[in-house]
2 protein chains.
Amino acid sequence: MTRWLNDEEQRTWRSFLAATQLVHEALDRQLQRDAGMPHAYYMILVALSEAPGRSMRMSELASKAQSSQSRLSHAVARLEERGWVRRERCPEDRRGNIAVLTDDGFAALESAAPGHVEEVRRALFDPLTPEQLRGLREICDTVRNTLEG
Amino acid sequence: MTRWLNDEEQRTWRSFLAATQLVHEALDRQLQRDAGMPHAYYMILVALSEAPGRSMRMSELASKAQSSQSRLSHAVARLEERGWVRRERCPEDRRGNIAVLTDDGFAALESAAPGHVEEVRRALFDPLTPEQLRGLREICDTVRNTLEG
DNA sequence: CATAAGTGTATGAGAGTTCAAGTAAAAAGT
DNA sequence: ACTTTTTACTTGAACTCTCATACACTTATG
């Protein structure tokens with residue numbers, strides 16, 4: 001009844017787990033060490049920095065930063081304590097909150113970015129060939145379409 | 001100076017982040033919901049179940065289960081509370097600890113496995129073609145060699 | 001309109017992870 | 001032999017994440 005993995009599939013699966021975990025851990029460690037923030041916080045700052053007015057509704061921010069709403073809420077609370085983000089009440093919908101990236105937050109992002117990009121290259125881009133990267137992109141898009149829809 | 005990512009690379013990177021996070025979250029949710037354990041614990045049980053005598057030194061277990069020593073130590077403490085694992089002192093090296101999978105632990109693993117495999121297929125294998133899986137395996141092996149060595 | 005149902009977000013508790021520091025035993029140096 | 005260094009593992013605190021719940025406001029419903 002159960003469609004067990006054969007040996008080849010087992011090896012693929014375990015290699016996938018190991019590799020993806022290594023990449024995520026490398027990113028998290030680098031950012032924590034050099035910029036004092038976990039990768040999840042970095043993604044929030046990035047998403048805000050790219051939004052018009054460097055601000056976004058919480059729920060939209062959650063989806064752009066690939067975060068649950070609860071996680072985002074806690075994270076933004078911490079970021080607010082550091083002065084990197086502030087929250088404003090939404091005028092049109094008074095339930096809503098708008099997260100705004102402060103100048104300090106933008107500066108923190110700017111100073112974290114170069115080291116982060118370097119780590120991304122080291123961990124993923126540099127070891128792979130251009131064809132592998134194209135293939136990886138398609139694989140990831142496919143997986144996203146499956147799990148998001 | 002900084003080798004920023006171009007548009008194509010940005011898209012690949014973000015797709016990679018989204019896809020891998022979705023897969024890991026799907027696994028974690030399924031196991032937590034259906035078996036009451038996070039994926040990290042499942043990997044520990046799997047590693048033990050495959051070892052001779054269903055037992056292993058803590059440090060070896062940490063590497064097989066892709067865990068830090070500290071994480072493993074905490075995790076095994078929890079697994080011990082549930083009666084799924086017990087710890088024995090190592091006779092040859094009295095610093096060492098040996099984690100042993102109990103019968104209850106093995107039973108918990110057996111009952112968790114089918115749902116887990118199904119989720120692995122749903123999240124990763126089913127959506128991808130055989131060629132993509134071969135490519136993915138090579139990509140992951142390359143990344144592992146880069147980040148582990 | 002009143003009230004029920006739904007949305008957007010926050011909050012608190014519980015659990016897992018990380019980092020730094022601590023203990024104990026083995027190995028290496030002198 | 002005796003100290004130093006290294007190895008194996010644990011522990012505690014701080015932090016993040018998840019889940020369930022609560023709250024405030026908005027939108028449907030009768």
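In which sense, left-handed or right-handed, does α2(B) pass α5(B)? The crossing is left-handed, and the first legend below shows the two helices concerned. All views are taken from a predicted model.

**View 1. Helices α2 and α5 of chain B cross and touch.** Helix α2 of chain B covers residues 39-50, and helix α5 of chain B covers residues 103-125. Their axes come within 10 Å and cross at roughly 115°. The crossing of α2(B) past α5(B) is left-handed. On the α2(B) side the contact is made by Y42(B), L45(B), V46(B) and S49(B). On the α5(B) side it is made by G105(B), F106(B), A108(B), L109(B), A112(B) and H116(B). Sorted by class, the contact of α2(B) with α5(B) has seven nonpolar residues, three polar residues and no charged ones.

**View 2. Three strands of chain B form an open sheet.** The order of the strands is β1-β3-β2, with antiparallel pairing. Because β1 and β2 of chain B stand at the edges with a single partner strand each, one side of each is left without a neighbour in the sheet. From one strand to the next the twist averages 25°. Helix α2(B), already shown in the previous view, packs on this sheet and touches β1, β2 and β3 of chain B. The direction of α2(B) makes about 90° with that of β3(B).

**View 3. Bridges tie β1 and β2 of chain B to β3(B).** Strand β1 (residues 55-57) of chain B and strand β3 (residues 97-101) of chain B run antiparallel and are joined by three bridges. In this pair, S55(B) has V100(B) as its bridge partner in β3(B). Strand β2 (residues 85-89) of chain B also runs antiparallel to β3(B), and five bridges join the two. Here V100(B) is the bridge partner of R86(B), while A99(B) is the bridge partner of R87(B).

**View 4. Chain A has an open sheet of three strands.** In chain A the strand order is β1-β3-β2, and the pairing is antiparallel. The edge positions are held by β1 (55-57) and β2 (85-89) of chain A, each with a single partner strand, so one side of each is left without a neighbour in the sheet. The twist in this sheet averages 25° from one strand to the next. Three bridges pair β1(A) with strand β3 (residues 97-101) of chain A in the antiparallel sense. Within this pair, S55(A) stands opposite V100(A) of β3(A).

**View 5. Helices α2 and α4 of chain A pack on the sheet of chain A.** Helix α2 (residues 39-50) of chain A lies across β1, β2 and β3 of chain A. Helix α2 of chain A runs at about 90° to β3(A). Helix α4(A) touches β2 and β3 of chain A, and its direction makes about 115° with that of β2(A).

**View 6. Chains A and B meet in a contact with 42 residues from each chain.** On the side of chain A that touches chain B, α1 (7-35), α5 (103-125) and α6 (130-148) of chain A each supply at least two residues. This side of chain A has 24 nonpolar, 10 polar and eight charged residues. How are the two chains related? A rotation of 180° with 0.0 Å of shift along its axis superposes chain A on chain B, with an RMSD of 0.0 Å. That is the relation of a two-fold axis. The copies meet through the same surface, because 100% of the interface residues of chain A are also interface residues in chain B.

**View 7. Both protein chains contribute to the surface near DNA strand D.** There are 26 residues around DNA strand D, of which A40(A), S70(A), M58(B), S59(B) and S73(B) come nearest. The elements giving two or more residues to this surface are α4 (69-81) of chain A and, from chain B, α1 (7-35), α3 (58-64) and α4 (69-81). By class, the surface near DNA strand D divides into five nonpolar, 11 polar and 10 charged residues.

**View 8. Both protein chains also contribute to the surface near DNA strand C.** Of the 26 residues around DNA strand C, those that come nearest are S59(A), G96(A), A40(B), S70(B) and R94(B). Two or more residues of this surface come from each of α1, α3 (58-64) and α4 of chain A and α4 of chain B. The surface near DNA strand C has five nonpolar, 11 polar and 10 charged residues.

Conventions: Residues numbered from 1 in each chain as written. Chains lettered and ligands numbered in written order. Predicted model: local features only at pLDDT ≥ 70, side-chain atom pairs only at ≥ 80, totals over all residues. Contact = placed C-beta atoms within 7 Å. Helix = DSSP H or I, 4+ residues; strand = E, 2+ residues; numbered from the N terminus. Nonpolar A, V, L, I, M, F, W, Y, C, P; charged D, E, K, R; others polar. Near = placed C-beta within 6 Å. Axes fitted to C-alpha atoms, helices over the stretch in contact; angles between N-to-C directions. Left-handed = near helix turned anticlockwise from the far one by under 90°. Least-squares fit on C-alpha atoms with pLDDT ≥ 70 in both. Pairing = 2+ DSSP bridges.
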